[in-house]
Amino acid sequence: MDRKIRAFLAIVEEGTLTAAAERVALAQPSLTKLLKRLEAELGAELFKRLPRGVVLTPFGERFYERAKRIEAEYRFAYEEIRAAKRGHIPVLNVGAGPLYHMLHVPNVFEVLVREFPRTTLNVVADINRATMPMLAKGDLDAVCGELSPEHEIYGVEEIELMDADMGIVMRPSHRLASGPLTPDTLRRQTWVLFQHDERAMQRLSRFMGNDPLSFSVAVTTSSFATGLRIVSGSDFLMLAPAQLAPVIEDAGLIVRTPNEPIWRLKTGIVIRSSIRSIPIVKRLIELLRESTSQPAATTKPFLKAIPGRP
């Protein structure tokens, strides 16, 4: 990729010439020369110099959008050519939210390991807020989870797989284990939240009538399993996709859906278009379609390697 564009992107993303020079392994005067050459070619100033760094000018903001696409297209072409020459990819990196990394990805990976032994599989278990930026940067090849319009990434393809209803996890002995689940019956309950997910907080707040005193969050955790353990030892509640019932019940808990849904989310896989035709990626999508089309309790036995696969 053009060194001037690489230098420009580093300056934008690092915020200072010093940090950008270190990132692209250049002396700062050399980096400054590249920037000046780019600005001369474009006939416009791209950055406004500040005492503690730089910020984009309006012309710089326009060029940044194009430069990101140039970088992405270069990366896509690089990936396609390397995969075509090798006939495979050495590592497949997949991000997955709780519904996928606890219920579907393990079974899918079990098949892929057998069928594609030359590829190492890596899963990053986290919510979209963390995994989507990694997909945009090229650190992940695909993300399984909620499909949301708020994440606009150039050069990716969305494949819808299943709808998921958000349920409420609790102990079987909890007073809300039977009877109606409404904003009134849930009032003043204490919650465990998987990750510090602002969107989940907003949806729960809206369900509860936007009353800030109607509920409280006692714990946020980056571990779904830890959240389940906390709930099992307390009267706290936790939000989770109802389709995770087998995992939740294995932890000695139950999951219930309210009389009026808190929210229903569309889920699927978001994948970089440049690797869509690679055999292991095509098989990943195929297996995820099979897994998500089955009832949760029958997912594991349903997935079997097909004889004759590469």
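How much accessible surface does the chain have, and what percentage of that surface belongs to carbon and sulfur atoms? The total comes to about 15900 Å², and carbon and sulfur atoms account for 52% of that area. Keep in mind throughout that this is a predicted model.

**Figure 1. The whole chain, with its helices and strands.** Here's the full cast: twelve helices and eleven strands make up the secondary structure of the chain. Laid along its principal axes, the C-alpha trace spans about 70 × 60 × 25 Å.

**Figure 2. Buried residues and contacts in the chain.** Of the 310 residues in the chain, 45% are buried. Look at contacts with a separation of 6 or more, and you'll find that 71% of them link residues 24 or more positions apart.

**Figure 3. Charged side chains, positive and negative.** The chain carries 41 positive side chains alongside 36 negative ones. Take the centre of each set and the two points sit 4 Å apart.

**Figure 4. The largest pocket and the residues at its centre.** This pocket holds about 690 Å³ of space. Its lining is made of 23 residues, and those nearest the pocket centre are Lys68, Glu71, Arg75, Ala136 and Lys137.

**Figure 5. The helices that line the largest pocket.** Three elements give two or more residues each to the lining: α1 (3-14), α4 (58-86) and α7 (128-137). If you're picking one helix to follow, go with α4, as the largest share of the lining, ten residues, comes from there.

Definitions and conventions: Residues are numbered from 1 along each chain as its sequence is written. This is a predicted model: local features need pLDDT of at least 70, side-chain atom pairs count only at pLDDT 80 or more; totals for chains, interfaces and linings use all residues. Side-chain values use heavy atoms; hydrogens and water are left out. Helices (H or I, at least four residues) and strands (E, at least two) are DSSP runs, numbered from the N terminus. Buried means under 20% relative accessible area, exposed over 50%, partly exposed in between (1.4 Å probe, protein chains only). Contact means heavy atoms within 4.5 Å. Accessible areas come from the Shrake-Rupley method with a 1.4 Å probe; for residues, only the protein chains shown count as cover. Lys and Arg count as positive and Asp and Glu as negative; His and the chain ends are not counted. The place of a charge is taken as NZ of Lys, CZ of Arg, CG of Asp or CD of Glu. On a 1 Å grid over the protein atoms alone, a cavity is a set of points where a 1.4 Å probe fits but cannot get out, and a pocket is an open set with protein on both sides within 12 Å along at least five of seven lines; lining residues have an atom within 4 Å of a point. Grid points are joined across faces, edges and corners, and a volume is the space filled by probe spheres set on the points.
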